[in-house]
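Reader: I am new to reading protein models, and I would like a close look at a single part. Could you take me carefully through the strands and how they are arranged?

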Amino acid sequence: MPLAIEPAAATVPAAGGASTHTLTNSEAGKIMYKIKSSNNNEYRLKPVFGFIDAGATAQVEITRLAGPPKDDKFVIQFAPAPEGATDAQEAFKGATAAGDVTLPVKAE
């Protein structure tokens, strides 16, 4: 898989908490990513869009606001980054995802 996430799953307190994950790009070129959430009411992501150079990593922080216990997921879509792109959100608008990685999250 060209994009890996560590840890591959998360458990956070339903009363609120945070989890940090590392995205690793094993592709030969720079990629861009976009993260989608199954629950935008109780989660905040930082960042939602980004670039990762070839062989490099990026940190993603997931913050859970207080809410009922629930299982959710995040889908990290990725695609090759266009040459010279500086804004991942803009670049993703015209792109088709090359693949995705799912991160299950459990709020207890």
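Author: Let us begin with strand S1 and the sheet it belongs to, keeping in mind that this is a predicted model, in which local features need pLDDT of at least 70, side-chain atom pairs count only at pLDDT 80 or more, and totals for chains, interfaces and linings use all residues. Residues are numbered from 1 along each chain as its sequence is written, and side-chain values use heavy atoms, with hydrogens and water left out.

Strand S1 covers residues 3-6, where a strand is a DSSP run of E with at least two residues, numbered from the N terminus. Leu3 and Ile5 make up the covered face of S1, whereas Ala4 and Glu6 lie on the uncovered one. Strands of a sheet pair through backbone hydrogen bonds, either parallel or antiparallel. Two strands count as paired if DSSP finds at least two bridges between them; S1 is joined by four bridges to strand S3, residues 17-25, in the antiparallel sense, and within S3 the bridge partner of Ile5 is Leu23.

This pair belongs to an open sheet of four strands, ordered S1-S3-S7-S5, with antiparallel pairing. S1 and strand S5 (43-46) are the edge strands, each pairing on one side only, and from one strand to the next the twist averages 25°, an angle between N-to-C directions that runs from 0 to 180 degrees, with axes taken as lines fitted to C-alpha atoms. At the other edge, S5 runs antiparallel to strand S7, residues 57-64, and is joined to S7 by four bridges, with Leu45 standing opposite Ile62 in S7.

Note on methods
Buried means under 20% relative accessible area, exposed over 50%, partly exposed in between (1.4 Å probe, protein chains only).
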